[in-house]
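Thanks, everyone; let me put the chain on the screen, and then I will go through charge, overall form and the cysteines in turn.

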Amino acid sequence: MDLLEIKYHLKRLFNMARYKGLKCAFDYFLVQSLYNSDFVYEKIIYPLFPKSVFYPPFIEVEVTTKCMLRCVMCEHTYWKEKNQEMTFEQLKSIVEQFPKLKWIGLTGIGESFLNPDFLEMIRYVKSRGIILELTDNFYLIDEKISRVLIETGVERMVVSLDAATEKTYRKIRVGSDFNRVIRNIKTLRKLKKRMNSYYPEISFHYIISKYNLGEILLFIDLVKKIMDKEDTSIFFTSILHPFPEIKDLVVDVPEEIMRQAKEKSRKLGIKIGWNKNVPKEKDPITRCNEWTEPFIFVDGTVIPCCAGNEVNKRSYQKRTSMGNIFKTPFKEIWNGPKYRTLRKMIHEGKTPPACKYCTIYKVR
(Lines give C-alpha, C1' and ligand atoms only; values in the text may rest on other atoms or scores of the structure.)
Protein backbone atom coordinates (compact mmCIF):
# COMPACT_ATOMS: atom_id res chain seq x y z
CA MET A 1 0.00 0.00 0.00
CA ASP A 2 1.65 3.24 -1.16
CA LEU A 3 1.33 6.73 0.33
CA LEU A 4 -1.45 7.81 -2.06
CA GLU A 5 -3.56 4.79 -1.13
CA ILE A 6 -3.00 5.35 2.60
CA LYS A 7 -4.04 8.99 2.27
CA TYR A 8 -7.10 7.95 0.25
CA HIS A 9 -8.33 5.51 2.90
CA LEU A 10 -7.58 7.87 5.78
CA LYS A 11 -9.52 10.63 4.05
CA ARG A 12 -12.46 8.30 3.45
CA LEU A 13 -12.37 7.28 7.11
CA PHE A 14 -12.24 10.93 8.23
CA ASN A 15 -15.18 11.85 6.01
CA MET A 16 -17.19 8.88 7.27
CA ALA A 17 -16.70 10.16 10.81
CA ARG A 18 -17.39 13.77 9.81
CA TYR A 19 -20.53 13.25 7.72
CA LYS A 20 -21.88 9.90 8.90
CA GLY A 21 -20.75 9.61 12.50
CA LEU A 22 -18.33 7.42 14.42
CA LYS A 23 -20.40 4.24 14.01
CA CYS A 24 -20.26 4.45 10.23
CA ALA A 25 -16.55 5.23 10.34
CA PHE A 26 -15.97 2.21 12.56
CA ASP A 27 -18.00 0.00 10.21
CA TYR A 28 -15.93 1.20 7.26
CA PHE A 29 -12.72 0.53 9.17
CA LEU A 30 -13.98 -2.95 10.05
CA VAL A 31 -14.81 -3.78 6.45
CA GLN A 32 -11.41 -2.58 5.24
CA SER A 33 -9.61 -4.47 8.00
CA LEU A 34 -11.44 -7.78 7.71
CA TYR A 35 -11.85 -7.96 3.96
CA ASN A 36 -9.09 -5.88 2.38
CA SER A 37 -6.18 -6.17 4.81
CA ASP A 38 -3.71 -8.97 4.08
CA PHE A 39 -2.14 -8.45 7.52
CA VAL A 40 -5.42 -8.89 9.40
CA TYR A 41 -6.31 -11.90 7.29
CA GLU A 42 -2.98 -13.67 7.77
CA LYS A 43 -2.61 -12.90 11.48
CA ILE A 44 -6.22 -13.19 12.67
CA ILE A 45 -8.70 -14.71 10.21
CA TYR A 46 -6.60 -17.51 8.72
CA PRO A 47 -5.39 -18.91 12.06
CA LEU A 48 -8.99 -19.04 13.33
CA PHE A 49 -10.72 -20.75 10.44
CA PRO A 50 -11.95 -23.30 9.49
CA LYS A 51 -13.14 -24.15 13.02
CA SER A 52 -13.88 -20.64 14.25
CA VAL A 53 -15.32 -18.01 11.91
CA PHE A 54 -17.19 -14.75 12.37
CA TYR A 55 -20.72 -14.34 11.01
CA PRO A 56 -20.46 -12.27 7.78
CA PRO A 57 -20.72 -8.51 8.44
CA PHE A 58 -20.88 -7.80 4.70
CA ILE A 59 -22.75 -9.44 1.81
CA GLU A 60 -23.63 -8.90 -1.84
CA VAL A 61 -27.14 -9.38 -3.19
CA GLU A 62 -28.28 -9.58 -6.80
CA VAL A 63 -31.68 -7.91 -7.10
CA THR A 64 -32.37 -8.59 -10.78
CA THR A 65 -31.03 -10.38 -13.84
CA LYS A 66 -32.77 -8.01 -16.24
CA CYS A 67 -30.52 -5.84 -18.37
CA MET A 68 -31.06 -3.63 -21.42
CA LEU A 69 -27.40 -3.78 -22.53
CA ARG A 70 -25.43 -6.46 -24.36
CA CYS A 71 -21.90 -5.83 -23.11
CA VAL A 72 -19.47 -7.99 -25.05
CA MET A 73 -17.57 -9.30 -21.99
CA CYS A 74 -20.62 -10.06 -19.81
CA GLU A 75 -22.02 -13.55 -19.39
CA HIS A 76 -25.56 -12.13 -19.41
CA THR A 77 -25.21 -11.39 -23.13
CA TYR A 78 -24.80 -15.11 -23.79
CA TRP A 79 -27.32 -16.49 -21.29
CA LYS A 80 -30.32 -18.61 -22.11
CA GLU A 81 -31.80 -18.21 -18.64
CA LYS A 82 -35.11 -16.51 -17.97
CA ASN A 83 -34.80 -13.07 -16.39
CA GLN A 84 -35.83 -12.78 -12.77
CA GLU A 85 -36.07 -10.06 -10.12
CA MET A 86 -36.12 -10.01 -6.34
CA THR A 87 -39.02 -8.44 -4.48
CA PHE A 88 -38.63 -5.86 -1.75
CA GLU A 89 -39.92 -8.35 0.82
CA GLN A 90 -37.34 -10.93 -0.28
CA LEU A 91 -34.50 -8.42 0.04
CA LYS A 92 -35.83 -7.40 3.46
CA SER A 93 -35.95 -11.05 4.58
CA ILE A 94 -32.29 -11.43 3.63
CA VAL A 95 -31.10 -8.29 5.42
CA GLU A 96 -32.99 -9.24 8.57
CA GLN A 97 -30.91 -12.42 8.80
CA PHE A 98 -27.80 -10.25 9.27
CA PRO A 99 -28.60 -8.15 12.37
CA LYS A 100 -25.01 -6.83 12.56
CA LEU A 101 -24.59 -6.17 8.85
CA LYS A 102 -22.06 -3.38 8.23
CA TRP A 103 -21.85 -3.25 4.42
CA ILE A 104 -23.92 -4.45 1.48
CA GLY A 105 -23.47 -4.38 -2.29
CA LEU A 106 -26.66 -4.54 -4.34
CA THR A 107 -25.22 -5.32 -7.76
CA GLY A 108 -25.32 -8.59 -9.66
CA ILE A 109 -25.51 -9.82 -13.23
CA GLY A 110 -28.19 -7.34 -14.22
CA GLU A 111 -29.16 -3.68 -14.14
CA SER A 112 -30.36 -3.04 -10.59
CA PHE A 113 -32.35 0.08 -11.49
CA LEU A 114 -34.64 -2.00 -13.74
CA ASN A 115 -36.09 -3.57 -10.61
CA PRO A 116 -39.23 -1.52 -9.80
CA ASP A 117 -38.60 -2.01 -6.07
CA PHE A 118 -34.96 -0.94 -6.18
CA LEU A 119 -35.31 2.61 -4.87
CA GLU A 120 -37.43 1.27 -2.01
CA MET A 121 -34.69 -1.28 -1.33
CA ILE A 122 -32.11 1.51 -1.16
CA ARG A 123 -34.25 3.48 1.28
CA TYR A 124 -34.74 0.41 3.48
CA VAL A 125 -31.04 -0.52 3.59
CA LYS A 126 -30.03 3.02 4.46
CA SER A 127 -32.75 3.25 7.13
CA ARG A 128 -30.88 0.46 8.93
CA GLY A 129 -27.59 2.39 8.91
CA ILE A 130 -25.82 -0.09 6.61
CA ILE A 131 -23.03 1.13 4.33
CA LEU A 132 -24.31 0.75 0.78
CA GLU A 133 -22.21 0.45 -2.36
CA LEU A 134 -23.60 0.19 -5.88
CA THR A 135 -21.83 -0.59 -9.15
CA ASP A 136 -23.67 0.60 -12.22
CA ASN A 137 -23.21 1.52 -15.89
CA PHE A 138 -24.93 4.90 -15.22
CA TYR A 139 -27.17 4.67 -18.28
CA LEU A 140 -30.36 5.03 -16.21
CA ILE A 141 -29.10 7.27 -13.39
CA ASP A 142 -30.81 10.54 -14.24
CA GLU A 143 -31.39 13.54 -11.98
CA LYS A 144 -34.39 11.94 -10.24
CA ILE A 145 -32.45 8.82 -9.28
CA SER A 146 -29.38 10.89 -8.38
CA ARG A 147 -31.48 12.86 -5.93
CA VAL A 148 -32.60 9.65 -4.21
CA LEU A 149 -29.00 8.43 -3.98
CA ILE A 150 -27.99 11.68 -2.31
CA GLU A 151 -31.01 12.02 -0.02
CA THR A 152 -30.77 8.44 1.27
CA GLY A 153 -27.03 8.76 1.88
CA VAL A 154 -25.69 5.99 -0.37
CA GLU A 155 -21.99 5.89 0.44
CA ARG A 156 -20.48 4.91 -2.87
CA MET A 157 -21.33 4.67 -6.56
CA VAL A 158 -18.90 2.72 -8.75
CA VAL A 159 -19.19 3.63 -12.43
CA SER A 160 -18.67 0.73 -14.84
CA LEU A 161 -17.00 2.55 -17.69
CA ASP A 162 -14.59 0.62 -19.90
CA ALA A 163 -13.41 3.13 -22.47
CA ALA A 164 -11.92 6.59 -22.85
CA THR A 165 -13.53 7.25 -26.24
CA GLU A 166 -17.04 6.95 -27.63
CA LYS A 167 -15.88 4.72 -30.49
CA THR A 168 -14.37 2.10 -28.18
CA TYR A 169 -17.26 2.35 -25.73
CA ARG A 170 -19.77 1.46 -28.47
CA LYS A 171 -17.86 -1.74 -29.21
CA ILE A 172 -17.95 -2.83 -25.57
CA ARG A 173 -21.17 -1.55 -23.97
CA VAL A 174 -23.57 -2.43 -26.75
CA GLY A 175 -26.88 -0.61 -26.32
CA SER A 176 -25.49 2.12 -24.08
CA ASP A 177 -24.55 5.72 -24.90
CA PHE A 178 -21.13 7.08 -23.92
CA ASN A 179 -22.14 10.75 -23.88
CA ARG A 180 -25.32 10.05 -21.92
CA VAL A 181 -23.32 8.15 -19.27
CA ILE A 182 -20.82 11.01 -18.93
CA ARG A 183 -23.69 13.48 -18.60
CA ASN A 184 -25.31 11.37 -15.89
CA ILE A 185 -22.08 11.24 -13.88
CA LYS A 186 -21.74 15.01 -14.16
CA THR A 187 -25.39 15.46 -13.18
CA LEU A 188 -24.81 13.50 -9.99
CA ARG A 189 -21.75 15.62 -9.21
CA LYS A 190 -23.62 18.88 -9.84
CA LEU A 191 -26.56 17.78 -7.73
CA LYS A 192 -24.25 16.78 -4.88
CA LYS A 193 -22.76 20.26 -4.96
CA ARG A 194 -26.17 21.92 -5.13
CA MET A 195 -27.43 19.84 -2.19
CA ASN A 196 -24.18 20.37 -0.27
CA SER A 197 -23.59 16.62 0.02
CA TYR A 198 -20.30 14.74 0.11
CA TYR A 199 -22.05 11.44 -0.64
CA PRO A 200 -22.25 9.33 -2.65
CA GLU A 201 -18.55 9.06 -3.41
CA ILE A 202 -17.92 8.29 -7.08
CA SER A 203 -15.30 5.84 -8.28
CA PHE A 204 -14.71 3.90 -11.50
CA HIS A 205 -14.35 0.29 -12.64
CA TYR A 206 -12.60 -0.55 -15.91
CA ILE A 207 -12.66 -4.09 -17.33
CA ILE A 208 -9.65 -4.58 -19.59
CA SER A 209 -10.07 -6.31 -22.96
CA LYS A 210 -8.39 -6.23 -26.36
CA TYR A 211 -10.66 -3.31 -27.29
CA ASN A 212 -9.57 -0.94 -24.52
CA LEU A 213 -6.09 -2.05 -23.43
CA GLY A 214 -4.62 0.90 -25.29
CA GLU A 215 -6.92 3.41 -23.57
CA ILE A 216 -5.93 2.79 -19.95
CA LEU A 217 -3.80 5.93 -19.71
CA LEU A 218 -6.39 7.99 -21.62
CA PHE A 219 -9.03 6.75 -19.21
CA ILE A 220 -7.15 8.12 -16.22
CA ASP A 221 -7.11 11.50 -17.97
CA LEU A 222 -10.84 11.20 -18.70
CA VAL A 223 -11.65 10.46 -15.06
CA LYS A 224 -9.63 13.48 -13.97
CA LYS A 225 -11.52 15.63 -16.47
CA ILE A 226 -14.90 14.36 -15.24
CA MET A 227 -14.13 14.54 -11.52
CA ASP A 228 -11.88 17.63 -11.51
CA LYS A 229 -10.71 18.11 -7.90
CA GLU A 230 -13.14 15.65 -6.33
CA ASP A 231 -11.51 12.58 -4.76
CA THR A 232 -11.94 9.42 -6.79
CA SER A 233 -10.38 6.07 -7.61
CA ILE A 234 -10.16 3.60 -10.50
CA PHE A 235 -10.17 -0.17 -10.19
CA PHE A 236 -8.77 -2.03 -13.17
CA THR A 237 -9.57 -5.68 -13.72
CA SER A 238 -8.94 -8.16 -16.49
CA ILE A 239 -11.84 -10.20 -17.83
CA LEU A 240 -12.47 -12.66 -15.01
CA HIS A 241 -13.31 -15.78 -16.99
CA PRO A 242 -12.36 -16.44 -20.63
CA PHE A 243 -15.39 -18.56 -21.47
CA PRO A 244 -15.60 -19.65 -25.14
CA GLU A 245 -17.69 -16.76 -26.46
CA ILE A 246 -15.26 -14.11 -25.22
CA LYS A 247 -11.87 -15.82 -24.96
CA ASP A 248 -10.53 -13.79 -27.91
CA LEU A 249 -11.17 -10.59 -25.90
CA VAL A 250 -8.80 -11.58 -23.08
CA VAL A 251 -5.41 -9.85 -22.98
CA ASP A 252 -2.51 -9.64 -20.54
CA VAL A 253 -1.68 -6.21 -19.15
CA PRO A 254 1.98 -5.34 -19.88
CA GLU A 255 4.02 -4.31 -16.86
CA GLU A 256 5.01 -1.12 -18.68
CA ILE A 257 1.38 0.00 -18.97
CA MET A 258 0.84 -0.72 -15.28
CA ARG A 259 3.93 1.32 -14.43
CA GLN A 260 2.83 4.24 -16.62
CA ALA A 261 -0.67 4.11 -15.15
CA LYS A 262 0.77 4.28 -11.64
CA GLU A 263 2.91 7.29 -12.54
CA LYS A 264 0.01 9.13 -14.19
CA SER A 265 -2.37 8.41 -11.33
CA ARG A 266 0.12 9.74 -8.80
CA LYS A 267 0.61 12.88 -10.86
CA LEU A 268 -3.13 13.47 -11.10
CA GLY A 269 -3.88 12.43 -7.51
CA ILE A 270 -6.16 9.54 -8.46
CA LYS A 271 -5.92 6.26 -6.56
CA ILE A 272 -5.82 3.21 -8.82
CA GLY A 273 -5.98 -0.48 -7.98
CA TRP A 274 -5.52 -3.71 -9.89
CA ASN A 275 -7.66 -6.77 -9.37
CA LYS A 276 -5.89 -9.88 -8.11
CA ASN A 277 -6.54 -11.55 -11.46
CA VAL A 278 -4.37 -9.05 -13.38
CA PRO A 279 -0.89 -10.36 -12.39
CA LYS A 280 0.09 -13.60 -14.12
CA GLU A 281 1.34 -15.12 -10.88
CA LYS A 282 -1.58 -15.92 -8.57
CA ASP A 283 -1.58 -16.27 -4.80
CA PRO A 284 -2.27 -19.74 -3.36
CA ILE A 285 -5.89 -20.42 -2.50
CA THR A 286 -4.96 -20.47 1.20
CA ARG A 287 -4.73 -16.65 0.92
CA CYS A 288 -8.38 -16.44 -0.11
CA ASN A 289 -10.68 -14.44 2.16
CA GLU A 290 -13.36 -13.76 -0.44
CA TRP A 291 -15.47 -16.51 1.16
CA THR A 292 -16.13 -14.11 4.05
CA GLU A 293 -18.39 -12.04 1.75
CA PRO A 294 -21.22 -14.28 0.50
CA PHE A 295 -22.97 -13.48 -2.77
CA ILE A 296 -26.71 -14.16 -3.03
CA PHE A 297 -28.35 -14.71 -6.41
CA VAL A 298 -31.71 -13.24 -7.28
CA ASP A 299 -33.34 -16.65 -6.64
CA GLY A 300 -31.77 -16.95 -3.17
CA THR A 301 -28.85 -19.19 -4.13
CA VAL A 302 -25.85 -18.55 -1.85
CA ILE A 303 -22.37 -18.78 -3.38
CA PRO A 304 -19.11 -18.13 -1.47
CA CYS A 305 -18.19 -14.89 -3.29
CA CYS A 306 -18.62 -12.92 -6.51
CA ALA A 307 -15.37 -14.19 -8.12
CA GLY A 308 -17.24 -17.19 -9.53
CA ASN A 309 -19.57 -14.95 -11.51
CA GLU A 310 -19.02 -14.14 -15.18
CA VAL A 311 -17.90 -17.69 -15.95
CA ASN A 312 -21.15 -18.28 -17.88
CA LYS A 313 -21.85 -21.44 -15.90
CA ARG A 314 -24.78 -20.33 -13.81
CA SER A 315 -26.27 -23.82 -13.50
CA TYR A 316 -22.93 -25.14 -12.20
CA GLN A 317 -22.78 -22.34 -9.62
CA LYS A 318 -26.23 -23.30 -8.39
CA ARG A 319 -25.35 -27.01 -8.21
CA THR A 320 -22.22 -26.30 -6.16
CA SER A 321 -23.75 -23.53 -4.05
CA MET A 322 -23.86 -23.44 -0.27
CA GLY A 323 -27.67 -23.48 -0.19
CA ASN A 324 -30.67 -21.23 -0.78
CA ILE A 325 -31.50 -18.47 1.70
CA PHE A 326 -35.18 -18.48 0.70
CA LYS A 327 -35.40 -22.14 1.74
CA THR A 328 -32.90 -22.39 4.61
CA PRO A 329 -31.96 -19.68 7.15
CA PHE A 330 -28.52 -18.31 6.38
CA LYS A 331 -27.24 -19.14 9.85
CA GLU A 332 -27.87 -22.83 9.14
CA ILE A 333 -26.20 -22.51 5.73
CA TRP A 334 -23.16 -20.72 7.19
CA ASN A 335 -22.69 -23.36 9.87
CA GLY A 336 -23.71 -26.23 7.62
CA PRO A 337 -21.59 -29.01 6.10
CA LYS A 338 -21.07 -27.37 2.69
CA TYR A 339 -19.61 -24.16 4.10
CA ARG A 340 -17.55 -26.06 6.68
CA THR A 341 -16.11 -28.28 3.97
CA LEU A 342 -15.34 -25.29 1.76
CA ARG A 343 -13.46 -23.49 4.54
CA LYS A 344 -11.55 -26.64 5.45
CA MET A 345 -10.48 -27.26 1.85
CA ILE A 346 -9.31 -23.67 1.37
CA HIS A 347 -7.38 -23.87 4.63
CA GLU A 348 -5.67 -27.02 3.36
CA GLY A 349 -4.86 -25.50 -0.04
CA LYS A 350 -7.44 -27.59 -1.89
CA THR A 351 -9.99 -26.30 -4.38
CA PRO A 352 -13.66 -26.65 -3.38
CA PRO A 353 -16.07 -27.44 -6.26
CA ALA A 354 -17.61 -23.96 -5.92
CA CYS A 355 -14.17 -22.43 -6.56
CA LYS A 356 -13.26 -24.59 -9.56
CA TYR A 357 -13.24 -21.68 -12.02
CA CYS A 358 -11.61 -19.07 -9.78
CA THR A 359 -9.10 -16.86 -11.63
CA ILE A 360 -8.08 -14.90 -8.55
CA TYR A 361 -6.10 -17.65 -6.81
CA LYS A 362 -4.20 -20.76 -7.84
CA VAL A 363 -6.68 -23.62 -8.08
CA ARG A 364 -6.08 -27.27 -8.81
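The protein chain carries 62 positive and 44 negative side chains, with the centres of the two sets 1 Å apart; Lys and Arg count as positive and Asp and Glu as negative, while His and the chain ends are not counted, and each charge is placed at NZ of Lys, CZ of Arg, CG of Asp or CD of Glu. I should say that this is a predicted model, in which local features need pLDDT of at least 70 and side-chain atom pairs count only at pLDDT 80 or more, whereas totals for chains, interfaces and linings use all residues. Residues are numbered from 1 along each chain as its sequence is written, and side-chain values use heavy atoms, without hydrogens and water.

On overall form, the radius of gyration, taken over C-alpha atoms, is 20 Å, in agreement with the value near 21 Å for a compact globule of 364 residues, the rule being 2.2 Å times the number of residues to the power 0.38. Of those 364 residues, 54% are buried, meaning under 20% relative accessible area with a 1.4 Å probe and protein chains only, with exposed being over 50% and partly exposed in between.

How many disulfides are there? The count is 0, a disulfide being a pair of cysteine sulfur atoms within 2.5 Å. For C288, the nearest cysteine sulfur is that of C305, 6.0 Å away, and C288 is buried at 7% relative accessible area. The sulfur of C306 lies 5.6 Å from that of C305, its closest cysteine sulfur, which is too far for a bond, and C306 is partly exposed, at 32%.
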